[in-house]
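This report describes the architecture of one protein chain. The sequence and the structure are shown first, and the description follows under short headings.

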Amino acid sequence: MGDGPDDRTPEPRTRSGRQTVTISFAGFNGAWATWIGSRLEREGHRVAYQRWNPSLGIRIDDALHDLLLAPGQVLLVISDSYLQLGPRDHEEWDLAVREVVLPHEDRFAAVCVTSSALPGALAGFSAPDLTAVGAEEAQRLLLARLGLAGGGPEGPDDAADRLPGPRFPGDVPQVWRGVPRQNTRFTGREQLLSDAYGQMLRTSMVTLYGMPGVGKTQLAAEYAHRFASEYDVVWWVNADRRSTFRQSLAELAPRLGLSTGAEYGERLRAVRGALSKGKPFARWLLVLDGADEPDQVADLVPSGSGHVLITSRNPAWGEHNSVLLEVPVYNRDESVAFVLSRAPRLTEGEAGQLAEALGDLPLLLDQTAGWLSDSDLTIEEYLERLNTGLTADSVTVSADFPLTFRTAWSILLAKLRESFPESVDLLRLCTFFAPGTVPVHLLRTVTVDGVPPHIAGLLTDPMTWNGAIEHLRQYSVVRQEYDRDDPDRVYLYVHRMVHQNVRGEMSAEDRRTFAAVARRALAEADPRRPAETDLWPVYAEIVPHLEHADSLDGEDPIGHELVLNCLRYLYLSGEHGTGARLAEQTRSAWQDCAAVPRETLRTLDHHYANLLRARGEYRRSEAVSRAAVEGYRPAAGTVAGRKFLRALGSLAADLRALGRYDEALDLSEQVARGYERLGDADPQQLLSARNNVAVSLRLLGRYREALDIDRQTSDDRKRLLGPDDVWTLFSGIYWATDLRLLGCYREAAALQERNARDHVRHIGADHPQTLRAEHNLALCRYRNGDRDEAGVLFARALERCERVLGETDPLTLVLAVGNSCFARAYGDIDQARETGESVGRHYERLLGPEHPYTAGARANHALILRDVGEWQQAQVLAEEALATMTRGLGGGHPWTLGCAVNASGLRSLVGDVDSALSLSGETFSRAREALGPTHPLTLSAQVAMAADLRSTGEDDEADRVEESALSGLSRTLGPEHFHTVSARSRSRPSWDFEPQTT
């Protein structure tokens, strides 16, 4: 037939018309079977599937005879898995092929999807290798081997109209990282894999959960390999800690071709956005391995067109929209088959005995059978040692861990000690890092002064080190992993059960010795610059291991600075929950530890207060800050030091958040004066102190004074730090905010537009500070009447803020208020109501019923109820808001005046016109005094007063007051501004409460 691929197969007799083909395949090759079936169906043929999984009690020739009962031709998809299921040897296959297949050559055909050598009889069966060619050539070889004509009943011209089938299994994902190598001994689990795949197509998120050691990770790896051809991206991350999960997910950014800065938080946000949009890849698989605390990582899981596969001990993932599939222990047939593949020297009966003793737990079967394969012990000797080993009270760890597990590990560790004792030392060192992925590369550069010689030799001698790792891998104790971008970064995966068992067997002296080495490794890995974003990946790697290295007990001074630096990193990187928990654990351990200096405890409390405040736990942060103030308070007649001023500034921030603005201003001014008196004060500290004075003034409604300070601070920061520094940009937000609150809308919008653009360029689009800048720009445009642009900005900033920080973060609540007010003003009243009610509940729970923000949320909600016709309830809320603001801030505060404008309008609406006039007249007078005659809020109060005068029959006075207000609005905002137009049409004005960042 000429040269080329045709020479590899005999010329078949071509069958025409619609044929039936039964595909016999091992579950391991399900993707190949699906692709083959789809290609046959596209040609118009009928397909039946028969999974090949003969049990140990069935001979291969009998199983092949059973296939003859299937309809049509039988196509064997030959692979290593197909040949070894059971397991079976080549001799048994040769006999079965000669006795069953060859006599029925007209019914059997085969294709090969492995490069391994085939049994002799099968090798002569002319099975073409589909893995060595592309999809179209593979189809041609397939049809030729079955003797089927191509082209199909629809004809080749219709091929373009057919729906695309499954991808060719020979195609690999364009992006692939972290997936453990495919286990050629993978056994059983076919129904679980089928269920996982089916559920994934329907719901996109599946969690494989179960007790430790049941093989969840192996099952997830098998899923990733088996269905790899379905995806363009397969990304495996260890999700046992939030920080490591964030780091691993952020590392996907360059692989997706995303253009981001070096800051990994920005990369994380870019990755989640790209996966959610399905660009550049719509078909992606994200595997979260070891995600045992869903509350810590669920908000980071992306959604979209791809799939998420989770392994976890915790079924609480069901509360996070994931389908749960429980992974049980093996059934006995699976256990026996697995043990025989791992330890071929054992008989089927011995494998059954071992499975019984180990409770069919896959992890234990793997580790123990692997050791037995190389051991001289008989199964009876092993079981005797197992049954007469440790006593129950010395091996029981928890209800989840059977007795036999620790006993088996004692035997395995004894074997390791005999063959290579350094491997046990390395394993013990690993248990002073967090279970899971252990960064053992940190140990290779640790200073060994004072380290016991046997450990020092392990760490410094490459041959000893590599030998220890190899022995641990040989007995399946660990899995070795490398950083793709840096091969010198070596990791060992240590299962939690292994971790706990090995650590639990150590003496107290050994624990102290190994913990000290781990602590030193972590401390020496600390770059000591937690504020530098390009070093955050280093801290993300260190943080999960602090507790396991006993760094939090405080006894070893080497860990003090390390823990403090990690807390600073967690605060700056936005990991406030993780940081607060770490700080709480550390405080509990350090408070009564004589080795921890008092000054170190105070620095710890400073970080703790910052983390609590960032989480919105203001009362707790106030208590911590107040204690720090008292601890640093200078003696009478002495000058306050920097640490006292730092503590005082933290307390002022707590008081601002709690709504105690006068006290906060007093403390902020003390701090600023204190830094001015310190001749060697850091100019940045002084500028920050002045900035905080302006924040307090703004919260008190003293906008002009705040503007003067913010303008000067912005200029000073530009000169000192440069125009693109993060703190200079932050001053720009405040400057524009002051202008907007003073009614200078056009000027504020122009300034904030530049500032927002610079934030995106220099910090990143999803940085929390950028979100503040864009929200402020939305407010500026909203007040300036640019409603279309404002609406887009409001929605975009809130969506990103919820995604980055969560729905209850203090900044998210600020942005949600602005969205609700905009939605109420421009038509989506249902959205406004839903958002407003949610914000109100959060503020009341977070801050209490008397806080100005809670009152402001009530005032906003009253306007929503007014617009939907619930006037009586609206008036109740408006009056409550007015009373609360008056009690807390006084009658002349802008927020109180705004609440009064709203309350007077509702009084008029329900017919209490005299009371409405009294309130609007009083509000106008107070506003003139507090804000000046041309401020927009003053003019709104004047318009309201004119309406109330007209309602009480005082038309002449109403006309005079109205004309004065319209003249002021035209001069201040312009004759075509929507406030001016609205007042001219005699629409009663209202006021939106806007919470400020503190």
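## Helices against the six-stranded sheet

In this predicted model, helix 8 (residues 216-226) lies across strand 5, strand 6, strand 7 (233-238), strand 8 and strand 9, and runs at about 160° to strand 9. The sheet to which these strands belong is an open one of six strands, arranged in the order 5-7-8-9-6-10 with parallel pairing. Strand 5 (175-177) and strand 10 (323-326) stand at its edges, each with a single partner strand, so that one side of each is left without a neighbour in the sheet. From one strand to the next, the twist averages 20°.

Within this sheet, strand 6 (residues 205-209) and strand 9 (residues 307-312) run parallel and are joined by five bridges, and the bridge partner of Thr207 in strand 9 is Ile310. Helix 7 (residues 190-203) also packs on the sheet, where it touches strand 6, strand 8 (284-289), strand 9 and strand 10, and its direction makes about 175° with that of strand 10.

## The four-stranded sheet

Another open sheet is formed by four strands in the order 2-1-3-4, and here too the pairing is parallel. Its edge strands are strand 2 (46-51) and strand 4 (108-112), each of which pairs on one side only, while the twist averages 25° from one strand to the next.

Strand 1 (residues 20-25) pairs with strand 3 (residues 73-78) in the parallel sense over four bridges. Thr22 has Val74 as its bridge partner in strand 3.

## Nonpolar cores

The largest nonpolar core comprises 142 residues, and those with the most contacts inside it are Leu288, Leu426 and Leu443. When residues up to four places away in sequence are not counted, Leu426 touches Leu443, Leu458, Trp465, Ala468, Ile469, Leu472 and Leu492. A second core, separate from this one, has 102 residues, among them Tyr675, Phe730, Ala816 and Val839.

## Cavities

The count comes to seven cavities of 30 Å³ or more, and the largest cavity holds about 180 Å³ of space. Its lining consists of 16 residues, of which Thr737, Arg772, His775, Gln996 and Thr997 lie nearest the centre of the cavity.

The elements that give two or more residues to the lining of the largest cavity are helix 33 (726-741), helix 35 (768-784) and helix 37 (810-825). Helix 33 provides the largest share of that lining, with five residues.

## A buried glycine

Gly559 is found in helix 25, which covers residues 558-572. Because its relative accessibility is 1%, and buried means under 20%, Gly559 counts as buried. The C-alpha atoms of Gly559 and Leu546 are separated by 8.6 Å, the two residues being 13 residues apart along the chain.

## The chain as a whole

The chain has 45 helices and 13 strands, and its C-alpha trace spans about 115 × 80 × 50 Å along the principal axes. Of its 998 residues, 57% count as buried. Among contacts between residues at least 6 apart in sequence, 69% join residues at least 24 apart.

Key. Residues are numbered from 1 along each chain as its sequence is written. This is a predicted model: local features need pLDDT of at least 70, side-chain atom pairs count only at pLDDT 80 or more; totals for chains, interfaces and linings use all residues. Side-chain values use heavy atoms; hydrogens and water are left out. Two strands pair if DSSP finds at least two bridges between them. Axes are lines fitted to C-alpha atoms, for helices over the stretch in contact, and angles run from 0 to 180 degrees between N-to-C directions. Contact means heavy atoms within 4.5 Å. A nonpolar core is a set of buried Ala, Val, Leu, Ile, Met, Phe, Trp, Tyr and Cys residues joined through side-chain atoms within 4.5 Å. Buried means under 20% relative accessible area, exposed over 50%, partly exposed in between (1.4 Å probe, protein chains only). On a 1 Å grid over the protein atoms alone, a cavity is a set of points where a 1.4 Å probe fits but cannot get out, and a pocket is an open set with protein on both sides within 12 Å along at least five of seven lines; lining residues have an atom within 4 Å of a point. Grid points are joined across faces, edges and corners, and a volume is the space filled by probe spheres set on the points.
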